[in-house]
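Subject: Structure for you to look at

Dear colleague,

I am passing on the structure we spoke about, and I would ask you to open it beside this message and follow along as you read. My notes on what was found come after it.

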Amino acid sequence: MKRMTGAITLLLFTFVGVASAAEDPSGNWKSTMMLGKKSQEVTIKLKLEGDKLTGTIGGGNREAAISDGTFKDDKVSFSVIREQKGEKLTQKYTGTVRGDTIKGKVETERGGKSRSTDWEATRQK
């Protein structure tokens, strides 16, 4: 009985480890963002090294590096800082990775005003 319990415990730990590895956010993701009243498709390129997340986000001919990127317990978090019309625009992305989807919130700060919107991205294969 002890051997069977030990085998089942080992099997469960192995399965949990494999499931966690499958949630790695590295890769190319597509998302549709609203820019004013227009929607634009953006590509998010993520790379995980340990728990540090690096990459870029962009659409059209504009691409920006992400900063302060982290990944832990299936949660991504990163910031994007851009300059628009002489003003600093900061976007803070948070989300949860589930398979080939990230869902979360984007907190945007511009000119001392903040707003929050939902975002979703799909992994490109």
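A good place to begin is the largest nonpolar core, which has 19 residues, and in which Ile44, Leu46, Phe78, Tyr93, Ile102 and Trp119 touch the most other members. Please keep in mind throughout that this is a predicted model. Two or more residues of the core come from each of the strands S1 (27–35), S2 (38–49), S3 (52–59), S4 (62–72), S5, S6, S7 (101–110) and S8. As general background, nonpolar side chains in soluble globular proteins tend to be buried together.

Ile44 shows what such a position looks like in detail: leaving aside residues up to four places away in sequence, Ile44 touches Gly27, Asn28, Trp29, Ser31, Thr56, Ile57, Phe78, Trp119 and Ala121.

Three aromatic pairs were counted in the model. In one of them, Phe78 and Tyr93 are stacked, with 4.8 Å from centre to centre and 15 degrees between the planes. Phe78 belongs to strand S5 (residues 75–84) and Tyr93 to strand S6 (residues 87–98), so that this pair links distant parts of the chain, 15 residues apart. Phe78 and Tyr93 are both buried.

Tyr93 also pairs with Trp119, and here the arrangement is edge-to-face, with 5.1 Å from centre to centre and 90 degrees between the planes. Because Tyr93 lies in strand S6 and Trp119 in strand S8 (residues 113–123), this pair ties together parts that are 26 residues apart in sequence. Trp119, like Tyr93, is buried. Taken together, Phe78, Tyr93 and Trp119 form one aromatic cluster, and these three residues are also among those that touch the most other members of the core.

Finally, please look at the loop between S4 and S5, where Asp73 is placed and where Asp74 is found as well. Most residues other than glycine have a negative phi. Asp73, however, has a positive phi, near 50 degrees, and Asp74 has a positive phi too, near 70 degrees. Is Asp73 buried or exposed? The relative accessibility of Asp73 is 61%, and since exposed means over 50%, Asp73 counts as exposed.

With best wishes

Methods:
Residues numbered from 1 in each chain as written. Predicted model: local features only at pLDDT ≥ 70, side-chain atom pairs only at ≥ 80, totals over all residues. Heavy atoms only, no water. Phe/Tyr/Trp six-rings, centres within 6.5 Å; stacked < 30°, edge-to-face > 60°. Helix = DSSP H or I, 4+ residues; strand = E, 2+ residues; numbered from the N terminus. Buried < 20%, exposed > 50% of the residue type's maximum accessible area, 1.4 Å probe, protein only. Core = buried A, V, L, I, M, F, W, Y, C linked by side-chain atoms within 4.5 Å. Contact = heavy atoms within 4.5 Å.
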